[in-house]
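This briefing concerns one sheet and the helices that lie against it. Please read it with the sequence and the structure side by side.

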Amino acid sequence: MSRAVLALDRTLAFLLGLLLLAVGAAAVAWWAGELDRVWPTVPDTLRLGDASSAVGAPWWPWAAGVAGVLAMLLGLRWLIAHVPRRNVGTLALPGTPGRGSLRIDPGAAATTAAQVLAETPGVRSVRGTMHDDRGELVAALSATIEPTADLATVVDRAERVSAELGHVLGIDAARCRVQLSVARRGRRLPRAE
């Protein structure tokens, strides 16, 4: 699914959710007799035609209130269902089918890969996360390197860490993205006296 379609779906879902919340709040306000606070220009009498007998029935306020609460809950559920979730739960290791399969936490694997990359000379810090990006498992390693770091050494180590991470996960759809940023200033080291 393209990003434009996802953006349109999320925008429409958000607007529909807000509409459902507003309709639900108006129905609850109507049930409580406070509709003029929600809709200040509401006419004194709503002409409902044949439905006027139903509106005048003693059960109508209760039905409107329940419908309003249900509309609000539906709107909230819709909004929550469309919140993008990029985190990844545990994954079954390949070659272990069935209920007793071995599982791995990919976030912990990404954190360990970050720790291994952080041991490279010239690397100041590394943060590793794992997320789902349009159906692909992506390990994102963000490293900050010293201005004096040997870039070839850091890149070579990052490629080896990425390959090892892919081997550990054992999933063909897994990818590793390494982002390197150079620190603005070199780290001051303490003087030895």
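Two strands are taken to pair if DSSP finds at least two bridges between them. In this predicted model, strand 3 and strand 4 (residues 136-145) meet that condition with 10 bridges, in the antiparallel sense, and within strand 4 it is L141 that stands opposite G128.

**The sheet**

- The sheet is an open one formed by 3 strands, which follow the order 3-4-5 with mixed pairing.
- Its edges are strand 3 (123-133) and strand 5 (174-182), and because each has a single partner strand, one side of each is left without a neighbour in the sheet.
- From one strand to the next, the twist averages 15 degrees.
- In general, the strands of a sheet pair through backbone hydrogen bonds, in either a parallel or an antiparallel manner.

**Helix 5**

- Helix 5, which spans residues 106-118 and has 13 residues, reaches 18 Å from its first C-alpha to its last, close to the 18 Å expected at 1.5 Å a residue.
- The buried residues of helix 5 are P106, A109, A110, A113, A114 and L117.
- These buried residues lie on the same side of helix 5, because they cover an arc of only 140 degrees around the axis.

**Helices across the sheet**

- Helix 5 lies across strand 3, strand 4 and strand 5, and runs at about 155 degrees to strand 3.
- Helix 6 (residues 151-169) likewise lies across strand 3, strand 4 and strand 5, with an angle of about 155 degrees to strand 5.

How values were computed
Residues numbered from 1 in each chain as written. Predicted model: local features only at pLDDT ≥ 70, side-chain atom pairs only at ≥ 80, totals over all residues. Heavy atoms only, no water. Helix = DSSP H or I, 4+ residues; strand = E, 2+ residues; numbered from the N terminus. Expected span 1.5 Å × (residues − 1). Buried < 20%, exposed > 50% of the residue type's maximum accessible area, 1.4 Å probe, protein only. Arc of directions from axis to C-beta. Axes fitted to C-alpha atoms, helices over the stretch in contact; angles between N-to-C directions. Contact = heavy atoms within 4.5 Å.
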